[in-house]
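These are my notes from a reading of one protein model. I set down each point in the order in which I looked it up.

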Amino acid sequence: MTTFYGVDMANSIPESFIFCCALYKHIERKVMLKQGYINNDVLVQAFSIQLKNEKNAILTDLYTQILAHLQPDKVVQHG
């Protein structure tokens, strides 16, 4: 089990693949199409919305992990 900021997660992406995994790239593309640009704040907002609306435990863990890497100085909590 992996822990990010006190949140235990059964599912995770290897750290070296977080920013090149299909899940991250999919959200990144959606943001680029909608906003016309990408920056960390917009990505954090997009992943936070996905996390808030997600019902699947596996995806919830992965969104939490990605957010922890996008904002390492913040505490990320489920829903």
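Entry 1. The helix pair.
Is the crossing of α1 and α2 left-handed or right-handed? I looked this up in the model, which is predicted, and I recorded the crossing of these two helices as right-handed. I then noted the partners: α1 covers residues 22–35 and α2 covers residues 40–53. Two packed helices are described by the angle between their axes and by the distance between those axes. For this pair I read an angle of about 115° and axes 10 Å apart.

I next asked which residues make the contact between α1 and α2. From α1 I listed Leu23, Tyr24, Ile27, Glu28, Lys30, Val31 and Gln35. From α2 I listed Val42, Leu43, Ala46, Phe47 and Gln50. Sorted by class, this contact holds eight nonpolar, two polar and two charged residues.

Entry 2. The largest pocket.
Rolling a probe the size of a water molecule over the atoms shows where empty space is left. How much space lies in the largest pocket? I noted a volume of about 220 Å³. Its lining consists of Ile27, Lys30, Val31, Lys34, Gln35, Val42, Gln45, Ala46, Ile49 and Gln50. I recorded that α1 and α2 each supply at least two residues of this lining. By class, the lining has five nonpolar, three polar and two charged residues. I also marked names entered under both headings: Ile27 and Gln50, for example, take part in the contact of α1 with α2 and also line the largest pocket.

Entry 3. The whole chain.
I stepped back to the overall arrangement. The protein has three helices and two strands, and along the sequence they follow the pattern β-β-α-α-α. Of the 79 residues in the protein, 37% are buried. I also looked up the contacts with a separation of 6 or more: residues 24 or more positions apart account for 54% of them.

Entry 4. The loop between β2 and α1.
I took three residues of this loop in turn, beginning with Ser12, which is found between β2 and α1. Ser12 counts as partly exposed because its relative accessible area is 38%. Although Ser12 and Gln65 are 53 residues apart in sequence, their C-alpha atoms lie 6.9 Å apart in space.

Ile13 also has its place in this loop, where β2 spans residues 7–9. Why does Ile13 count as buried? Its relative accessibility is 12%, and so it falls under the 20% limit for a buried residue. Leaving aside neighbours within four places in sequence, I found Ile13 in contact with Ile18, Cys21, Leu62, Gln65 and Ile66. I added one distance for Ile13: Tyr63 is 50 residues away in sequence and 10.0 Å away in space, C-alpha to C-alpha.

Glu15 was my last residue in the loop between β2 and α1. Is Glu15 buried or exposed? I recorded Glu15 as exposed, since its relative accessibility of 56% is over the 50% limit. The C-alpha atoms of Glu15 and Ile66 are separated by 9.3 Å, with their positions 51 residues apart along the chain.

Methods
Residues are numbered from 1 along each chain as its sequence is written. This is a predicted model: local features need pLDDT of at least 70, side-chain atom pairs count only at pLDDT 80 or more; totals for chains, interfaces and linings use all residues. Side-chain values use heavy atoms; hydrogens and water are left out. Axes are lines fitted to C-alpha atoms, for helices over the stretch in contact, and angles run from 0 to 180 degrees between N-to-C directions. Helices (H or I, at least four residues) and strands (E, at least two) are DSSP runs, numbered from the N terminus. A crossing is left-handed if the near helix is turned anticlockwise from the far one by less than a right angle, and right-handed if clockwise. Contact means heavy atoms within 4.5 Å. Ala, Val, Leu, Ile, Met, Phe, Trp, Tyr, Cys and Pro count as nonpolar, Asp, Glu, Lys and Arg as charged, and the others, Gly among them, as polar. On a 1 Å grid over the protein atoms alone, a cavity is a set of points where a 1.4 Å probe fits but cannot get out, and a pocket is an open set with protein on both sides within 12 Å along at least five of seven lines; lining residues have an atom within 4 Å of a point. Grid points are joined across faces, edges and corners, and a volume is the space filled by probe spheres set on the points. Buried means under 20% relative accessible area, exposed over 50%, partly exposed in between (1.4 Å probe, protein chains only).
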